[in-house]
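Me: I'm new to this one, so could you take a close look with me at the place where the ligand sits?

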Amino acid sequence: MTSAFAKELAQHISDNGPITVADYMSACLQHYYATVPAIGTAGDFTTAPEISQMFGEMLGAWLVDIWMQSGRPDNAQYVELGPGRGTLAADVLRVFAGAGLKPPVHLVETSPEMRRLQKEKLQGHDVTWHDTFDTVPAGFSLIAANEFFDALPVHQYIDDTERRVHWDQGRGFYADPVPKGEKIVESSPVSCAIADTLARHVQNGGAALIIDYGYAAGEKGETLQAVSRHRYASVFDNPGAQDITAHVDFAALARVMSPYAFVLGPVGQGDFLQRLGMTQRAEALTRHANDSQKKDIQTALFRLVAPSEMGQLFKVMGVLPKQNNLNPAGFADAEIQNNRHRQNSTG
Ligand code: SAH
């Protein structure tokens with residue numbers, strides 16, 4: 001069964017020739033996020049904020065701590081990139097409210113369907129939506145981006161030639177083959193451009209947390225993957241009807257941001273959440289829970305922090321103004337010192 005979108009894309013390639021992997025990914029995802037509220041146990045994949053409220057509570061605690069250490073500026077705003085169902089924002093804003101912070105909210109979201117879900121979830125908040133980060137007003141910004149960068153298009157190269165996607169009647173969609181012994185190199189200029197905007201923004205006050213699955217250093221070859229109904233699928237099957245992501249190259253993001261901002265990590269999500277006290281938070285929630293809720297809380301804790309689950313593959317990067325005397329939680333002292341040293345010596 002071929003969807004109308006797949007037919008259109010096939011026609012486009014027949015008429016105009018092959019398209020880059022990045023254009024393929026971008027077209028498929030735009031269609032996917034525009035038509036399917038994909039996230040959660042009933043969708044194709046689930047994300048940390050959908051697993052447990054504890055995830056957003058820890059991120060909220062980290063951000064509000066930076067706000068307090070910065071002297072509680074009254075022009076503070078909450079900014080989130082790719083907010084999905086709005087669950088993370090709701091959990092973060094609840095923690096903020098507990099500390100006396102009720103900031104205006106700026107959401108960078110391209111999908112009208114996702115915006116609708118976010119609006120429902122964030123009733124009572126002053127929310128503005130943006131197509132890109134560029135229109136978010138300047139100000140002291142507390143920023144979160146969970147599984148946002150992995151949804152941005154990557155270009156693939158084989159021996160310096162950009163890899164393209166073809167279509168023909170017999171084979172359907174397929175990419176240039178990788179000759180034996182050759183390696184695919186991925187790059188995401190769109191991710192770097194957004195990271196650049198984010199770092200310049202933070203330079204004027206605030207902080208950001210970027211959480212995603214990816215690698216801390218080096219090239220990892222092809223990482224493009226598709227997930228449908230919680231299972232891996234071929235990137236070229238059912239275009240526009242399944243989630244496509246690529247691993248995030250944290251080293252590339254750090255390189256782009258370091259001239260403007262102080263970059264922390266990335267550290268494993270498990271270490272980060274545990275340093276912020278998620279185990280204690282789970283215990284506190286458990287005290288008022290019945291047996292089945294207790295089991296759910298323990299399962300969620302395990303999924304978010306265990307190295308065999310999301311604890312290691314998912315990583316957290318912190319972004320702070322270049323000149324700061326803040327004491328950010330969640331990152332080990334040694335990591336903070338190392339980064340300060342490295343960034344001071346490389347300018
Ligand atoms: N952060 C959420 C959702 C992750 S899915 C969570 O953790 O559950 C990716 C989100 O980014 C979706 O809301 C999608 O619509 C949005 N998105 C994808 N590409 C985007 C782009 N180029 N600009 C803005 N939002 C985008």
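How do the residues of the shell around the ligand divide into nonpolar, polar and charged?

Reply: The shell holds 8 nonpolar, 6 polar and 2 charged residues; here Ala, Val, Leu, Ile, Met, Phe, Trp, Tyr, Cys and Pro count as nonpolar, Asp, Glu, Lys and Arg as charged, and the others, Gly among them, as polar. Keep in mind that this is a predicted model, where local features need pLDDT of at least 70, side-chain atom pairs count only at pLDDT 80 or more, and totals for chains, interfaces and linings use all residues. Residues are numbered from 1 along each chain as its sequence is written, and side-chain values use heavy atoms, with hydrogens and water left out.

Of the 16 residues around the ligand (a heavy atom within 4 Å of it), Thr47, Gly82, Gly84, Glu109 and Asn146 come nearest. Now for polar contacts, meaning pairs of N or O atoms within 3.5 Å. The side chain of Glu109 puts an N or O atom 2.5 Å from a ligand oxygen. With Gly84, a backbone N or O atom lies 3.0 Å from an oxygen of the ligand. The side chain of Thr110 has an N or O atom 3.5 Å from a ligand nitrogen. Alone, the ligand exposes 570 Å², and the protein buries 91% of that (Shrake-Rupley method, 1.4 Å probe).

Notes: A polar contact is a pair of N or O atoms within 3.5 Å; within protein, one must be able to donate a hydrogen and the other to accept it, and residues adjacent in sequence count only if both atoms are side-chain atoms.
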